[in-house]
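Open the model in your viewer and keep the selection tool at hand. We will go from a whole chain to a single pair of residues.

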Amino acid sequence: MSLSERVMVIGAGPAGLEAARGVADLDRQVLLVESKGQLGGTPYEHYATLTPHLRETGDVMRAMLDGINSHPLVDVRLETRVVASEGEAGHFRVTLENADGQRTEEEVGAVIVATGFSHFDPGRETQMYGYYEYDDVVTLVDAEHMMQNGRMVRPSTGEPPERVAFIQCVGSRDRQIGNTYCSKVCCGIASKQSIEIKRMLPNAKIFIFYIDMRMYGFWEDQIYWKAQEEHKVNYVRGIVTEIIKKGDKLLIKGEDTTMGRPMEVTMDLVILSVGMEPSRGTLQMGQIFGLPREPHGFLATVGEPLDTVSTPVAGVFVAGAAAGPKDIEDSVSMGGMAAAKAVGLLNRLARALV
Amino acid sequence: MAQKAKPIELDVAVVNGVTLTASANRMFEPRVISEYDLSALDAVTAIDGAQSLGYCYQCGKCTAVCPVDTAGGDYSPRKVFRRTQLGIDLLDSPDLWLCTTCSNCLRVCPKEVNMISIMPAVREQAVADGRAPQELLTAFENTARYGNPLGEPARKRADWIRRAEVPVPIMSQLKAPVDVLWFVECYPAYHPRGKDASVALARVLHALGVDFGILGSEEKCSGDSQRMAGEAGLFEMLAEHNIKVLSKYAFNTVMVTDPHAFNAFRHEYPKHGGDWTTLHYTQYLVPRIAQMELIHPINRRVTFHDPCYLGRHNGEYDAPRELLQAIPGLELVEMGRCRENSYCCGGGGGGMWMDGFTSEHVGMRLSERRVQEALEWGAEVLAVTCPYEVSRFEDAVKSTGNAGLLQVVDIAELLAQSMGLVEARV
């Protein structure tokens, strides 16, 4: 059986796009499969600006998308899903299904899974946040959609909010919910959004209620200090436990832990900093390729911390948030690494055949 | 204890027609119990110089090193930020007057929340509104009227030199250039124990053959502590006066007795046109140790209290210690809090004039805490080199019931004693 020199990349978010570009730039053909109708993944679809520099997502990612669309070695299949796979490293036969239900078989030598995450559904939160009861309780994603439209308002009235609260760690760091991990980016995104809200509504009062502020690396001063010092965002340690309707406002209740006293304050808008969970596509690819999941439910890798992309299945690699909470820097770095590993594997297999 | 924001309680709430009182009704009637009224924080951080109060991220490093908190005051920069964020008006809070500007918090603050800039800026506004402790206002008034916070007559500023029994030339009478212009400052000129140190220092300078002069009654308070306590206008008047007087005379170096004056001459007077090479007297004397005839041993365990404004504010830790170690027989023991981490006597930032006010809000005097520490480390003598400290620590030795167990002396007095120039005090 002849070796397939082609690499399939599943998912066209930052990790998958960078993986596809990397493979193509190493002179191999790429089959890029994306279930949605456009490239760019979750950030491109849902986020108005990217952390930490607050540049518009479209502006930042356009060159990346154009590079893929125009690359002669990349075969892009939008609205297409992987539904089956058999074979082994060097000889995978995968079945694709398009939006019309038509199936095709393709031969590929290696697979990079970059199917990403989904946002935590706040309906599963054990705290009483009332996301599905109160119009003015929204998620980070809902807030990004408002920013994409250039209008930051209270959904209940359509008026700009005067007081906005972010609640951190929604769906993360919680044994009862089953997500014992930190989602890594929400502290930064909440701080980024608070800066954006202050730019749109300079008189708004913004509070971020947190357990620990997790601003690793440069985000500390690029976003956190900037939000606090330049934009006067108020960071209050102590998480909110319940939200109750109070007239046309929301009364949030919790403990102000640095003062050791109860806290009950009204807000116009509450933004839940929802964390990351493996996406449906990630779970499906795990089943189709027989990839084990690590204890938090994401796709397991072998060889960490030195190898972040190899799975226990030879010839199948993972990049981006399919392997756990990642920021965009992590995701593109993994994409590049997965490309190098996949092409390297095909080269080794080719040498073995000679 | 310092002021805390109180939860807002509804005395009475009517729930389904039933009247419920006090906190019992909270479970039935959801309501706001804390406002997070940000207007207080906005008002403070809008004051020029006080912006960095808003930078606090609540790590609490300052609380551990704040001498006010250590002495039982419920106070630290972290707490000041949080109380202000919760809506307490710092301008009306006792918190505004408890800071001694010792700068130990700034030394450890990762966000550079600068109380040395915040406190004078916010206090200035409070003083302008007349919202300051009466004791402090009296000290300001005395300084404005007499040129010294003690309220002593200006014409008696050089009276101490009669006790010196060595020539102490006054520039206005000398009418000749000198090498060293000694800026004596208020407590060394007027306070009985300050005068003891001045006499000792005059005799040491005389024995060394130093060509020096003082300003006498032309000198006024350097004003640095008044500046830190919120009287920037008074400080500027004093600075302009002193600079004008000094500019009349020819000299090579300014030597100061008071670390607070040292701070003013080093950092503030140059902004007002008075830029001279300035040394603290300990710095002036160190290169002359070889010429000092330190012949009488002082067989005592001595510890040294770093003045905040010589050490942390201006980085001089070694000169006082070199002088002490040059004295035969003297055993120098360091306290746990020394040098960069030195504790504060409580006199800085206007604390010198607010002992009554401070005692209402702090468990013990800062000087009492320090004296206890000196005793814990087995010291028999507490050596100082800031004129605020002798009186503060002597009082503290008595008030903590340790009279006779610890003597407080200025380094100048120890040097003069070892040189046989003054009667033995220790």
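Start with chain B as a whole. A compact globule of 426 residues would have a radius of gyration near 22 Å; chain B has 24 Å, so the value agrees with that expectation. Bear in mind that this is a predicted model.

Now show the C-alpha trace of chain B and turn it along its principal axes. The trace spans about 90 × 45 × 35 Å. Switch to cartoon: chain B has 20 helices and 10 strands. Colour by burial next. Of the 426 residues of chain B, 51% count as buried. How much of the contact count comes from residues 24 or more positions apart? In chain B, such pairs make up 77% of the contacts with a separation of 6 or more.

Move to chain A and select strands 5, 2, 1, 9 and 20. These 5 strands form an open sheet in the order 5-2-1-9-20, with parallel pairing. Look at the edges: strand 5 (74–77) and strand 20 (316–318) of chain A each have a single partner strand, so one side of each has no neighbour in the sheet. On average, neighbouring strands of this sheet are turned by 20° against each other, direction ignored.

Zoom in on strand 1 (residues 7–10) and strand 9 (residues 110–113) of chain A. They run parallel and are joined by 4 bridges. Pick A:M8: its bridge partner in strand 9 of chain A is A:V111.

Last stop: select helix 8 (residues 328–353) of chain A. Helix 8 packs on the sheet and touches strand 1, strand 9 and strand 20 of chain A. The direction of helix 8 makes about 165° with that of strand 9 of chain A.

Notes:
Residues numbered from 1 in each chain as written. Chains lettered and ligands numbered in written order. Predicted model: local features only at pLDDT ≥ 70, side-chain atom pairs only at ≥ 80, totals over all residues. Pairing = 2+ DSSP bridges. Helix = DSSP H or I, 4+ residues; strand = E, 2+ residues; numbered from the N terminus. Axes fitted to C-alpha atoms, helices over the stretch in contact; angles between N-to-C directions. Contact = placed C-beta atoms within 7 Å. Rg over C-alpha atoms; globule rule 2.2 N^0.38 Å. Buried ≥ 20, exposed ≤ 12 C-beta atoms within 10 Å, placed from the backbone.
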